[in-house]
Amino acid sequence: MELGTSESSYPGSGNWEIPIDLFGSKKHAGVSRGILAFADESGNIVFRVNRHPPNPNSSPLPKDKKLLLDASGNTLFSIYRYHNGSWKCYKGDSDGNRELVFRVQRTLKTFTRVELEVLFESGRSNGEGCDLKVKGSPFQRSCCIYKDADLVAQSSLMYKLHQIYVGRGKFRLTIFPGTIDRALIVALFVIFLSGRK
């Protein structure tokens, strides 16, 4: 089963042969301070995350709403966080017709570790297990995303040789070759960062 969106016009869709590194920070040039953005190795902004107040008419009422935007400012996904440790991700800005792409449930939450299970909506039948698992430490910006036993993506802080203190403001997200859309991986990582809340 191919996990991803259909024809996409943003960078990162489709198959590729080598791992891709995206660099996350809230201090990228050309992006308002405090806005989480992901840049490629050339420093070009590929994805941006905007926080929006949830619609008060939604049922059940979400606790938080974030939009994942491409480099042109088009909304790729709307991410809703609920009070019970779950998230739902919809295609586009889901104020109108909602197309659920995946749902996430937190299965473990400790002070240093979070684990999430991801269920994609397309091609689901009753009794199936989760499609992806996310495991790691949001505080350290460190996680691994697995499909069965295969590593799909991983993140880590930006360590430098002989550096004693490592800031948490910049991190690397490495996405390995496969059929899962890069924007979906970035959306999962955004969910992971808020997994301790």
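Biologist: Which residues does UniProt list for "transmembrane region"?

Modeller: The unreviewed UniProt entry lists residues 173–194 under that name. What you have here is a predicted model, and in it the chain over residues 173–194 is 55% helix and 14% strand. The C-alpha atoms at the two ends of that stretch are 16 Å apart.

Biologist: Thanks! Now the strands, please. How many strands form the closed barrel, and in what order do they run?

Modeller: Follow the pairing from strand to strand. The closed barrel has 12 strands, in the order β1-β2-β3-β4-β5-β6-β7-β8-β9-β10-β11-β12, and the pairing is antiparallel. From one strand to the next, the twist averages 20 degrees.

Biologist: How many bridges join strand β11 to strand β12?

Modeller: Five bridges join them, with β11 covering residues 150–157 and β12 covering residues 170–175, and the two run antiparallel. To see the register by eye, look for Leu157, which stands opposite Phe171 in β12.

Biologist: On to charges. How many salt bridges does a search of the whole structure find?

Modeller: The general idea is that side chains of opposite charge can pair when their charged atoms come close. Here the search finds five salt bridges. One of the salt bridges joins Arg51 and Asp64, whose closest N and O atoms are 3.2 Å apart. Arg51 sits in strand β3 (residues 45–52) and Asp64 in strand β4, so this pair ties together parts that are 13 residues apart in sequence.

Biologist: Are the two partners buried or exposed?

Modeller: Compare each relative accessible area with the cut-offs: buried is under 20% and exposed is over 50%. Arg51 counts as exposed because its relative accessibility is 52%, while Asp64 is buried because its value is 9%. As for the backbone around Asp64, its C-alpha atom is 6.7 Å from that of Pro53, although the two residues are 11 apart along the chain.

Biologist: Which residue meets Glu121 in a salt bridge?

Modeller: The partner is Arg103, with an N to O distance of 3.0 Å. This pair links distant parts of the chain, 18 residues apart: Glu121 is in the loop between β8 (114–120) and β9 (132–137), and Arg103 is in strand β7 (residues 100–109). Glu121 is partly exposed at 29% relative accessible area, and Arg103 is partly exposed at 30%.

Biologist: What is the closest N and O distance between Arg113 and Glu115?

Modeller: Those atoms are 3.5 Å apart, and the two residues form a salt bridge. Arg113 counts as partly exposed, at 34% relative accessibility.

Definitions and conventions:
Residues numbered from 1 in each chain as written. Predicted model: local features only at pLDDT ≥ 70, side-chain atom pairs only at ≥ 80, totals over all residues. Heavy atoms only, no water. Pairing = 2+ DSSP bridges. Helix = DSSP H or I, 4+ residues; strand = E, 2+ residues; numbered from the N terminus. Axes fitted to C-alpha atoms, helices over the stretch in contact; angles between N-to-C directions. UniProt positions renumbered as here; feature names shortened; annotations may be inferred. Salt bridge = Lys/Arg side-chain N within 4 Å of Asp/Glu carboxyl O. Buried < 20%, exposed > 50% of the residue type's maximum accessible area, 1.4 Å probe, protein only.
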